[in-house]
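I opened this notebook to record, entry by entry, what I looked up in the structure. Each entry takes up one topic and follows it as far as I could.

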Amino acid sequence: MASSQSVQAEDAYFSSNPPPRLLASHLAQAESFITAHAAAGHRVVLITSGGTTVPLEKQTVRFIDNFSAGTRGATSAEYFLSAGYAVIFLHREFSLQPYSRHYTHAKDCFLDFLDEDEGGAGRGDDATRVVVRKQDQSRILDVLREYKKAKRSNMLLMLPFVTIGDYLHELRGIARLMRPLGPSGLLYLAAAVSDFFVPPERMSEHKIQSTNAVQALQDRAKESGGDGSKSSSGGDEDETFDNFDASRVPRSKRLVVDLDPVPKFLENLVDGWAPEGMIVSYKLETDPAILVHKARTSLDRYQHHLVIGNLLTTRKWEVVFVSPRREDKWLRVARQGGWGEAEGRPLRADELPPEEPAEEIEALIIPAVSELHDVHIASRKA
């Protein structure tokens with residue numbers, strides 16, 4: 001069971017941070033999806049993907065973000081679907097999505113894949129039609145068929161989030177709904193989750209000001225006596241400042257943000273939200289000297305089932321699996337000539353070929369995760 005301290009932190013966070021507007025709708029969709037696949041005996045994976053924003057104002061104009069475009073999560077979703085999993089894809093709004101990712105974030109503009117078909121007259125149709133250009137038709141058709149198959153068979157449910165608060169509310173709600181799946185449920189936490197946030201009580205109601213205009217407005221209010229009347233010195237201004245409180249509008253030429261750490265809910269996830277499911281998380285680092293140590297520390301602290309470590313510079317080429325009672329396992333995409341002496345340690349940036357990998361590393365990751373999930377299910381049935 002989660003410690004009393006973890007439970008208290010959970011209660012305090014969720015009671016003080018309001019849920020997203022569409023949470024009830026999303027949970028209703030997730031419950032229907034999970035119930036159907038539980039009845040059919042299917043494995044269900046909840047994939048989290050993309051980055052979480054940290055709003056600085058209640059009426060948000062400014063926020064803190066990270067670089068994640070959701071590549072890992074969107075790519076993984078396709079491979080999980082190919083492996084027979086039903087997928088709940090909890091993703092940052094407007095980040096990469098399975099299947100469409102091949103074209104929405106391509107180096108070419110999406111419109112470059114399209115042409116005008118002016119042959120309509122030969123078919124008795126005078127209208128010019130938009131078609132996929134000939135050299136891309138086969139590839140797009142393959143992707144389209146896979147996407148339509150997943151949607152038609154109700155194997156893919158996509159739910160968006162934006163902020164760190166949205167994400168945590170959605171994650172807790174869906175994880176709890178996955179309890180009836182028992183060990184057949186898999187939580188694959190690939191989202192880049194913010195480590196810090198601004199509590200609502202310290203958040204500005206309106207846009208944070210960056211100029212001295214508010215000070216000028218306050219000074220004018222003082223000159224007018226603060227009650228909306230004109231100053232005794234006269235003047236032709238006719239503005240009033242009733243109920244104006246300039247102290248409520250933050251202003252500064254330097255923005256100093258006081259952030260609190262986001263509570264770590266992995267312990268709650270493992271022990272309370274989805275106690276029988278298999279929990280997989282990612283650990284991204286930039287320093288190769290601490291990658292495995294940080295992954296192992298996270299695994300030991302939260303007692304989940306697998307941490308997949310990756311480095312920012314080599315994440316497309318390699319990952320390391322860190323799991324209980326197993327040796328660390330490095331997975332690397334193939335390259336001509338192999339990797340030499342790199343086995344058992346992270347690759348150096350100078351060892352990487354200049355071109356992108358010929359295969360997606362998720363093609364190695366997902367089958368390996370699925371094998372560990374087999375072991376997890378068998379251990380719960382023994």
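**Entry 1: helix H10.** I started with H10, which has 20 residues and reaches 28 Å from its first C-alpha to its last, close to the 28 Å expected at 1.5 Å a residue. I kept in mind throughout that this is a predicted model. Which residues of H10 are buried? I listed Glu 362, Ile 365, Ile 366, Ala 368, Val 369, Ser 370, Leu 372, His 373, His 376 and Ile 377. I then looked up what these buried residues pack against, and found helix H3 (71-82) together with the strands E8 (185-189), E11 (278-285), E12 (306-311), E13 (318-322) and E14.

**Entry 2: the chain as a whole.** I stepped back and noted that the chain contains 10 helices and 14 strands. Of its 382 residues, 42% count as buried. I also looked at the contacts with a separation of 6 or more, and 72% of them are accounted for by residues 24 or more positions apart.

**Entry 3: H1 against H8.** I turned to the pair formed by helix H1 (residues 4-16) and helix H8 (residues 266-273), whose axes come within 10 Å and cross at roughly 105°. Angles of 65 to 115 degrees count as roughly perpendicular, and H1 and H8 are therefore roughly perpendicular to each other. I wrote both values down because two packed helices are described by the angle between their axes and the distance between the axes. On the H1 side I found Ser 6, Val 7, Glu 10 and Phe 14, which meet Glu 267, Asn 268 and Trp 273 of H8. By type, the residues of this contact divide into three nonpolar, two polar and two charged.

I followed H8 a little further and recorded its buried residues as Leu 266, Asn 268, Leu 269, Val 270 and Trp 273. What covers these buried residues includes H1, H6, E8, E11 and helix H9 (291-302).

**Entry 4: salt bridges at Glu 10.** I found that the structure holds 21 salt bridges, and I began with those of Glu 10. Which side chain meets that of Glu 10 in a salt bridge at 3.1 Å, N to O? It is the side chain of Arg 172. Glu 10 lies in helix H1 and Arg 172 in helix H6 (residues 164-177), so the pair ties together parts that are 162 residues apart in sequence. Under 20% relative accessible area is the cut-off for buried, so Glu 10, at 6%, counts as buried, and Arg 172 is likewise buried at 17%.

I then noted that Glu 10 also forms a salt bridge with Arg 176, the closest N and O atoms being 3.3 Å apart. This pair too links distant parts of the chain, with Arg 176 in helix H6 and Glu 10 in helix H1, 166 residues apart. Arg 176 counts as partly exposed, at 36% relative accessibility.

**Entry 5: salt bridges after E14 begins.** I looked up the pair Arg 332 and Glu 343, whose side chains meet in a salt bridge at 3.9 Å, N to O. Arg 332 lies in strand E14 (residues 329-332) and Glu 343 in the loop between E14 and helix H10 (362-381), so the pair ties together parts that are 11 residues apart in sequence. Is each partner buried or exposed? Arg 332 is buried, with a relative accessible area of 13%, whereas Glu 343 is exposed, with 62%. I also recorded that salt bridges with shared partners join Arg 345, Arg 348, Asp 350 and Glu 351 into one network.

**Entry 6: two loop residues.** Where is Arg 133 found? I located Arg 133 in the loop between strand E6 (129-132) and helix H5 (137-152), where it counts as buried at 18% relative accessibility. Leaving aside neighbours within four places in sequence, I found Arg 133 in contact with Asp 108, Asp 112, Phe 113, Leu 114 and Asp 115.

I closed with Pro 19, which lies in the loop between H1 and helix H2 (23-39) and counts as partly exposed at 48% relative accessibility. I checked Pro 19 against Leu 168, and the two are 149 residues apart in sequence and 9.0 Å apart in space, C-alpha to C-alpha.

Terms used:
Residues numbered from 1 in each chain as written. Predicted model: local features only at pLDDT ≥ 70, side-chain atom pairs only at ≥ 80, totals over all residues. Heavy atoms only, no water. Axes fitted to C-alpha atoms, helices over the stretch in contact; angles between N-to-C directions. Helix = DSSP H or I, 4+ residues; strand = E, 2+ residues; numbered from the N terminus. Parallel < 35°, antiparallel > 145°, perpendicular 65-115°, else oblique. Contact = heavy atoms within 4.5 Å. Nonpolar A, V, L, I, M, F, W, Y, C, P; charged D, E, K, R; others polar. Salt bridge = Lys/Arg side-chain N within 4 Å of Asp/Glu carboxyl O. Buried < 20%, exposed > 50% of the residue type's maximum accessible area, 1.4 Å probe, protein only. Expected span 1.5 Å × (residues − 1).
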